[in-house]
Amino acid sequence: MSGGGLFLRAAAAARACRALAAFTTSQRSLRTSPRSRGFAKELFLGTIEKEEVFPFPEVDQEELNEINQFMGPVEKFFTEEVDSRKIDQEGEIPKETLEKLKSLGLFGMQVPEEYGGLGLSNTMYARLGEITALDASITVTLAAHQSIGLKGIIIAGSEEQKTKYLPRLASGEHIAAFCLTEPASGSDAASIRTRATLSEDKKHYILNGSKIWITNGGLADIFTVFAKTQIVDSNNLIKDKITAFIVERNFGGVTNGKPEDKLGIRGSNTCEVHFENTKVPVENVLGEVGGGFKVAMNILNSGRFSMGSSVAGMLKKLIEMTAEYACTRKQFNKNLSEFGLIQEKFALMAQKAYVMESMAYLTAGLLDRPGLPDCSVEAAIVKVFSSEAAWQCVSEALQILGGLGYMRDYPYERLLRDARILLIFEGTNEILRMYIALTGLQHAGHILTSRINEIKRGNVSTIVETVGRRLRDSLSRTVDLGLTGKLGVVHPSLEDSANKLEENVYYFGRTVETLLLRFGKS
């Protein structure tokens with residue numbers, strides 16, 4: 001194992017000891033906040049949960065030092081040893097590069113220490129993502145392995161499943177893949193046709209079906225597979241429900257097609273995976289029989305936030321390379337960097353990078369709190385914004401480079417090709433927009449229904465709150481959600497922006513309420 005890998009594992013062990021000691025004394029404030037109702041969901045009610053985002057989630061100095069030390073060997077490897085142009089041209093990641101990634105511990109970043117992983121917090125994982133994003137093919141390979149490939153075992157696996165599979169997945173001895181998409185089933189995940197039939201002796205499920213566009217499909221030893229199974233519901237009716245399975249390649253009947261020839265992220269392995277009479281032990285059901293759809297959504301929802309930090313890392317490098325060119329390229333006896341329209345493009349890129357980085361680390365901080373914080377809407381928002389901003393910014397950078405950016409001798413056209421997939425995978429942006437809206441509306445609907453019931457029961461405080469809100473709307477009084485003023489939480493220099501935000505959030509909530517009252521079923 002490399003020196004960097006040894007350091008990472010030693011740091012992880014030290015962190016585990018500190019966590020155990022902290023459990024009996026005091027824990028960091030970041031870990032001890034009460035469970036939230038969801039910051040993004042509360043916006044649909046026209047409220048700002050200040051306690052969730054003010055102050056911005058921070059890590060203590062000790063963990064910050066750890067993060068910075070982690071960066072050293074990883075950044076050195078990506079800067080000096082990863083040949084992204086070669087990976088793109090040859091359409092695969094060299095075996096020696098994969099081995100080095102394993103030795104650095106990057107295949108087990110979020111696997112808990114007790115199962116041989118680094119056990120990184122979401123914040124530390126996001127920070128490392130900024131570095132691994134220097135090569136998109138490697139980023140996708142690592143993310144497919146742990147953000148979705150093995151994540152189901154962490155989220156829904158039994159203790160026996162975790163003990164059996166996670167150690168070798170954390171070391172990279174085994175690689176994981178996530179098998180959901182099928183030829184006739186993309187965004188409509190519930191329409192999958194792969195089927196698992198319980199054997200007569202009830203010891204195995206017989207798995208048959210095909211999956212497409214599976215990242216790591218040709219490399220993986222362990223697959224998280226989703227298939228239709230028959231269950232008997234509470235009314236004694238037989239129904240088809242999706243069930244999740246942990247499938248080993250050596251179970252037999254598992255084959256894969258040739259790697260796909262893709263537009264971008266060409267070095268990542270993407271192919272079809274086929275299951276033909278594959279015998280899966282009943283012990284390898286992941287979660288409950290018939291509960292696979294929920295497992296799949298939980299896996300996808302939990303990993304999206306990291307796209308923000310990954311894209312921010314890529315954009316920072318892109319800005320650096322593009323600025324170097326703009327400061328040396330002369331036209332009309334001026335450097336390109338002196339022209340207002342060029343400066344405007346740099347301002348846009350810097351702004352987008354700052355916003356997506358802030359969104360990603362805020363969401364990571366929320367996820368790092370104890371319990372099971374619901375950040376699915378926040379993660380979806382991060383994914384949509386970051387992917388679209390990446391596509392826009394890479395295009396603007398290529399515009400600054402002009403003809404040079406269009407040439408294959410330079411990395412810009414590759415970055416453009418790599419960025420296009422971001423709007424498609426891990427949930428298309430169109431589907432996620434609907435998810436954000438519908439989830440927020442559903443949350444608001446539940447709360448408003450509860451308020452109406454309280455009013456019917458004569459709850460005085462609810463009645464006063466409702467009447468006060470109506471009076472404020474009719475009198476057009478200034479909205480105050482607590483961001484400014486003597487007890488405010490934002491800097492005085494941001495007061496105007498904060499007031500506009502308060503007004504927008506408040507009237508957004510009123511609009512949601514109006515829509516629900518007009519169109520809601522209840």
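A crossing of two helices is called left-handed if the near helix is turned anticlockwise from the far one by less than a right angle, and right-handed if clockwise. By that rule, in this predicted model, helices α14 and α16 cross in a left-handed way. Helix α14 covers residues 376–401 and packs against α16 at an angle of about 145°, with the two axes 10 Å apart. On the α14 side, the contact is built from Ser376, Val377, Ala380, Ile381, Lys383, Val384, Ser387 and Glu388. Helix α16 answers with Asn429, Leu432, Arg433, Tyr435, Ile436 and Thr439. Sorted by class, the residues of this contact come out as 7 nonpolar, 4 polar and 3 charged.

Helix α16, which spans residues 429–456, has another partner in α18, residues 495–519. Here the axes come within 10 Å and cross at roughly 75°. Angles of 65 to 115 degrees count as roughly perpendicular, and α16 and α18 are therefore roughly perpendicular to each other. What does each helix bring to this contact? From α16 come Leu441, Ala444, Gly445, Leu448 and Ile452, and from α18 come Val512, Glu513, Leu516 and Leu517. The class count for this pair is 7 nonpolar, 1 polar and 1 charged.

Helix α18 also holds Lys500. With a relative accessible area of 57%, Lys500 is exposed. Its C-alpha atom is separated by 9.1 Å from that of Val479, and these two residues are 21 apart along the chain.

Turning to the interior, the largest nonpolar core has 29 residues. Which of them have the most contacts inside the core? They are Phe78, Leu101, Leu106, Met109, Leu120, Leu128 and Ile138. Several helices feed this core with at least two residues each: α4 (61–80), α6 (95–103), α7 (122–132), α8 (136–149) and α13 (340–367). Of these, α4 gives the most, with 6 residues. There is also a second, separate core of 25 residues, and Leu315, Leu318, Phe346 and Ala353 are among its members.

Helix α13 is also where Gly365 sits. Is Gly365 buried or exposed? Its relative accessible area is 0%, so Gly365 is buried. In sequence, Gly365 and Ser121 are 244 residues apart, yet their C-alpha atoms are 8.9 Å apart in space.

A few backbone details round out the picture. Phe54 and Pro55 are joined by a cis peptide bond, with omega at about -5°. Pro55 belongs to the loop that runs between α3 (50–53) and α4, and α4 is the helix that gives the most to the 29-residue core.

Two asparagines have positive phi values. For Asn216, phi is near 75°, a positive value in a residue other than glycine. Asn216 is placed in the loop between β3 (204–215) and β4 (222–232). The relative accessible area of Asn216 is 0%, so it counts as buried. Asn333 is not a glycine either, and its phi is positive at about 65°. The loop that holds Asn333 lies between β9 (330–331) and β10 (334–335). At 78% relative accessibility, Asn333 is exposed, whereas Asn216 is buried.

Technical notes: Residues are numbered from 1 along each chain as its sequence is written. This is a predicted model: local features need pLDDT of at least 70, side-chain atom pairs count only at pLDDT 80 or more; totals for chains, interfaces and linings use all residues. Side-chain values use heavy atoms; hydrogens and water are left out. Axes are lines fitted to C-alpha atoms, for helices over the stretch in contact, and angles run from 0 to 180 degrees between N-to-C directions. Helices (H or I, at least four residues) and strands (E, at least two) are DSSP runs, numbered from the N terminus. Angles under 35 degrees count as roughly parallel, over 145 as roughly antiparallel, 65 to 115 as roughly perpendicular and the rest as oblique. Contact means heavy atoms within 4.5 Å. Ala, Val, Leu, Ile, Met, Phe, Trp, Tyr, Cys and Pro count as nonpolar, Asp, Glu, Lys and Arg as charged, and the others, Gly among them, as polar. A nonpolar core is a set of buried Ala, Val, Leu, Ile, Met, Phe, Trp, Tyr and Cys residues joined through side-chain atoms within 4.5 Å. Buried means under 20% relative accessible area, exposed over 50%, partly exposed in between (1.4 Å probe, protein chains only).
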